[in-house]
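Here are some notes for a colleague who is coming to this structure for the first time. The points are best read with the structure open alongside.

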Amino acid sequence: MTIKFKVIVTGSSNSDEEVFLIEEKDILKGEKYQTNLGLDFKLQYKVIGEKSVNLILWLTKGDKHKQIKQNFFKGADGIVVLFDTSTEDKIDQIINRIQELRENSPTSTILLIGRNIRNRMNQIVEEYTRRLIKEGKVQKRTDLNIDFYDVLDEEGVGPAILDFFARKLLSRTNY
Amino acid sequence: MVKLQGLYIILKLRGIPAFSMEFVHANLHPDLVSGFLTAISHFAKELRSDKQKDINLIKREDFVIMIEDGGKIFGALIADFDDRDARAILKRVLNLFEEEFDKDLDEFGINTLIFENFKDIAVKEFGSLLVNPFYFPKIINSDENIPMDPPIDQILCLIDGEKNLSEIAYEASIPVEEVCQAISLLESKNYVEMKVKIVLEDIFSPTEKATEAFSRETRYHSKIVDQFGDTGIDVLYALDGKRDLGEINDELQIAVNDLLKIIVYLLEEEFITWVELYPIIRGISPEQIMALTSDSVEQALAFTLLNMCDGTYPLSSISRKLELPRGEIRQFLKKFQNNVRWIEKKI
């Protein structure tokens, strides 16, 4: 059995500047397919239990042509957001990014990767939920399908992240 | 006949291939093809304000990607040129797919195992484009799992290595397209194999691709000359959809084996296509037929042909039925002069 997921890998979004937050070393080794559409593809195959999981990674390479790229997020099963790992993003900025992503991708599983982000997970969830309740989008605290992953200076983004994410996505299926 | 390379059925929003199959080995990764086509489609929609219109063709010199839209899915068919029949089948296949798997398409994550059985339907639907009705089927495996639904059982009974699909269709009174569909399915399951058999009575006509080969400056011209010298081009010129290979051979005076080698090459490269002739006899009275010849056997043949030549039956079928060579029938029909018309059907 092979389960396929569309996963968007993107960066934080504070300006319209082209910000390359994803480097080759950030994702597992493997052939990358460049399209010159401001988008590259990479395939990751995982075997979890008896199931084989294909992650079809859409690497969005920064926020240039943001308007066009918004469509890429539609129908995504998962979104990996790489915040600037050299510094701590403010909680407001992180929540703004989540809200932006949810507009086009309301049901996907989001994985936030950043500096000291996991430690602030409760704060982020509380604040985001408070906003949602205020906007009348939810009545009470609910499962937001958001996960957090901390990155330290010397680590970078390692292969374990995608393994973790593949399991997360698989747990949401009926298969 | 359009040469199909691959079929991709892609979830519209997600860009994930729910189903894909290669008709020839192309080494294209379906996940990448699907993502790429979806991304281009998103771009196109943003670039033009009319969001209702989608990309329906991506074209390169040597191949095209035909794209047809469905509800939750879209289909991409890679082939050597844009073909109306292929598009119609693609559209039909998309409808069948959505009818069958509508609920599964909304699941979180896509389990490709669910869609694997659709291969049989796709192979069958595209059968009329995958199988040449002039090829001869041969049963190579007849185990008990062979599907025996009609019309497959009827077709299998008629496979004898001597009849091509067009003739089988005629004998079984089944449309040729339906026979090709059934054979395509059987071939994909390795129950039958298809053999090309060329005889001097066969008639061929140049395809659109051949028009380029006529010009000296083109790569197709060089390709043929490299293989067979100028003789290859002479043969291509001589194939006019009217004369059979025997007549052409008389004119060009080349060894039969060499001629057949050239024909096989031109067929494989899609420079030529088979032509089936459908004779029609009209406006001739029984008295006039009697006057055609004093030989009673020939008179009987003339009346038989009068009944058979109504444009419904191909010459190959008439030839088989009467157990007479096609060339002999064509020769005989010349006696009818202007009362005979020939419909040429390229296959």
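1. A good place to begin is helix 6 of chain B, residues 165–172, which is mostly covered, with 6 of its 8 residues buried. Please keep in mind throughout that this is a predicted model. The buried residues of this helix are B:Leu165, B:Ser166, B:Glu167, B:Ile168, B:Ala169 and B:Tyr170.

2. What do the buried residues of helix 6 of chain B pack against? Their partners within chain B are two strands, strand 7 (136–139) and strand 10 (272–281), together with helix 5 (152–158), helix 7 (176–188) and helix 15 (315–322). Just after helix 6 of chain B comes B:Ser173, which takes a positive phi of about 55°.

3. One of these partners, helix 7 of chain B, can be described in more detail. Two packed helices are described by the angle between their axes and the distance between the axes. For helix 6 of chain B and helix 7 of chain B the angle is about 115° and the axes are 9 Å apart, and the crossing is right-handed. On the helix 6 side of chain B the contact is made by B:Leu165, B:Ser166, B:Ile168 and B:Ala169, which meet B:Val176, B:Val179, B:Cys180 and B:Ile183 in helix 7 of chain B. By class, the residues of this contact divide into 7 nonpolar, 1 polar and no charged.

4. The wider setting is chain B itself, whose secondary structure comes to 16 helices and 11 strands. Of the 347 residues in chain B, 34% are buried, and the C-alpha trace spans about 80 × 50 × 40 Å along its principal axes. If one takes the contacts in chain B between residues at least 6 apart in sequence, 64% of them join residues at least 24 apart.

5. The domain assignment divides chain B into domain 1 (4–116), domain 2 (131–195), domain 3 (204–270) and domain 4 (276–346). Between domain 1 of chain B and domain 4 of chain B, the C-alpha centres lie 48 Å apart.

6. A separate site to inspect is B:Asp80, which is found in the loop of chain B that runs between strand 5 (73–79) and helix 2 (84–101). Is B:Asp80 buried, exposed or partly exposed? B:Asp80 counts as partly exposed because 15 other C-beta atoms lie within 10 Å, whereas 20 or more would be needed for a residue to be buried and 12 or fewer for it to be exposed. Leaving aside residues up to four places away in sequence, B:Asp80 touches B:Val2, B:Lys3 and B:Phe63. B:Asp80 and B:Gly6 are 74 residues apart in sequence, while their C-alpha atoms are 11 Å apart in space.

7. How many residues does each chain bring to the contact between chain A and chain B? Chain B contributes 23 residues and chain A contributes 27 residues. Helix 1 (30–47) and strand 6 (110–111) of chain B each supply at least two residues of the side of chain B that touches chain A, and helix 1 of chain B gives the most, with 10 residues. By class, this side of chain B has 11 nonpolar, 7 polar and 5 charged residues.

8. The two chains are also joined through their strands, since strand 1 of chain A (residues 2–11) and strand 6 of chain B run antiparallel and are linked by 2 bridges. In this pairing A:Ile3 stands opposite B:Asn111 in strand 6 of chain B.

Key: Residues are numbered from 1 along each chain as its sequence is written. Chains are lettered from A and ligands numbered from 1 in the order in which they are written. This is a predicted model: local features need pLDDT of at least 70, side-chain atom pairs count only at pLDDT 80 or more; totals for chains, interfaces and linings use all residues. Helices (H or I, at least four residues) and strands (E, at least two) are DSSP runs, numbered from the N terminus. Two residues are in contact if their C-beta atoms, placed from the backbone, lie within 7 Å. Ala, Val, Leu, Ile, Met, Phe, Trp, Tyr, Cys and Pro count as nonpolar, Asp, Glu, Lys and Arg as charged, and the others, Gly among them, as polar. Domain bounds come from an automatic or database domain assignment. Axes are lines fitted to C-alpha atoms, for helices over the stretch in contact, and angles run from 0 to 180 degrees between N-to-C directions. A crossing is left-handed if the near helix is turned anticlockwise from the far one by less than a right angle, and right-handed if clockwise.
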